[in-house]
Amino acid sequence: MRRYGGETIELHAVTPDGDIACDTTIATPDARSGLAEALERGIVRPVRKLENGVEVTFRADARQAVLRYVELESQCCSFLDLAVRTSDGVVVLTVTGRPDARDWIYNIFEQA
């Protein structure tokens, strides 16, 4: 389910009980080209751990990279819930999931 309202985008897990694995046919090197670097340039530290995932803040100029990440991640890791909200000049990405996916979620951003 996708909800676009104002400055918020929510993408709920398509297969919340699916395997905790990425579909590498979607997350190809071409699809990811430059994305990690764009996200890294825009991140505002620290990454905040949530009970069920993480919350990552980015500068406003990283919004397109965050949206690209969310679109790609929602397709290749269909067990994740993803949300983006824009407020007060920043973009906030929230990545959450079921209990057995939480360590995996934390590891996505552990070096950030």
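These legends go with a set of close-up views of a predicted model.

**Figure 1. The whole chain, with four helices and six strands.**
Start with the overview before zooming in. Going from the N terminus, the elements come in the order β-β-α-α-β-β-α-β-β-α. The C-alpha trace spans about 35 × 30 × 30 Å along its principal axes. For 112 residues, a compact globule would be expected to have a radius of gyration near 13 Å, and the protein agrees, at 13 Å. Of contacts between residues at least 6 apart in sequence, 69% join residues at least 24 apart.

**Figure 2. The surface and the charges of the protein.**
About 6,500 Å² of the protein is exposed, and carbon and sulfur atoms supply 49% of that area. As for the inside, buried residues account for 39% of the 112 residues. On the charge side, there are 13 positive and 18 negative charges, and their mean positions sit 4 Å apart.

**Figure 3. C76 and C77, two cysteines without a disulfide.**
Why is there no bond between the sulfurs of C76 and C77? The cysteine sulfur closest to that of C76 belongs to C77, and at 3.4 Å it is too far for a bond. The cut-off used for a disulfide is 2.5 Å between the sulfur atoms. Searching the whole structure also turns up zero disulfides. Both cysteines are buried: C76 has a relative accessible area of 5%, and C77 has a relative accessibility of 0%. C76 also falls within helix α3, which covers residues 63-76.

**Figure 4. Q75 in helix α3.**
Is Q75 buried or partly exposed? Q75 is partly exposed, with a relative accessible area of 40%, whereas C76 is buried at 5%. For a sense of distance, take Q75 and G42: they are 33 residues apart in sequence, and their C-alpha atoms are 23 Å apart in space.

**Figure 5. V44 and its contacts in strand β3.**
Strand β3 runs over residues 43-50 and includes V44. The relative accessibility of V44 is 34%, so this valine counts as partly exposed. Setting aside residues up to four places away in sequence, V44 touches T57, F58 and R59. Those three partners belong to strand β4, residues 53-59. E7 is 37 residues from V44 in sequence, and the two C-alpha atoms are 19 Å apart.

**Figure 6. The cis peptide bond between R45 and P46.**
Stay in strand β3 for this view, since that is where P46 is placed. Which form does the peptide bond from R45 to P46 take? The bond is cis, with omega near 5 degrees.

**Figure 7. E55, a buried glutamate in strand β4.**
What surrounds E55 in strand β4? Leaving out residues up to four places away in sequence, E55 touches V47, R48, L50, R85, V92, L93 and T94. Among these, V47, R48 and L50 fall in strand β3 (residues 43-50), R85 falls in β5 (81-87), and V92, L93 and T94 fall in β6 (90-96). The relative accessible area of E55 is 15%, which makes E55 buried. E55 and V92 are 37 residues apart along the chain, yet 6.8 Å separates their C-alpha atoms.

**Figure 8. D88 in the loop between β5 and β6.**
The loop that holds D88 joins β5 (81-87) to β6 (90-96). Is D88 buried or exposed? D88 counts as exposed, at 80% relative accessibility. Check the backbone here too: phi of D88 is near 50 degrees, a positive value in a residue other than glycine.

**Figure 9. I105, a buried isoleucine in helix α4.**
I105 is part of helix α4, which spans residues 102-108. With a relative accessible area of 0%, I105 is buried. Which residues are in contact with I105, leaving aside neighbours within four places in sequence? They are N52, G53, V54, L80, V95, T96 and G97. Of these, G53 and V54 lie in strand β4 (residues 53-59), while V95 and T96 lie in β6 (90-96). D88, from the previous view, is 17 residues from I105 in sequence and 26 Å away in space, C-alpha to C-alpha.

Technical notes. Residues numbered from 1 in each chain as written. Predicted model: local features only at pLDDT ≥ 70, side-chain atom pairs only at ≥ 80, totals over all residues. Heavy atoms only, no water. Buried < 20%, exposed > 50% of the residue type's maximum accessible area, 1.4 Å probe, protein only. Helix = DSSP H or I, 4+ residues; strand = E, 2+ residues; numbered from the N terminus. Rg over C-alpha atoms; globule rule 2.2 N^0.38 Å. Contact = heavy atoms within 4.5 Å. Areas by Shrake-Rupley, 256 points an atom, 1.4 Å probe, with all protein chains shown as cover. Lys, Arg positive; Asp, Glu negative; His and termini not counted. Charge placed at Lys NZ, Arg CZ, Asp CG, Glu CD.
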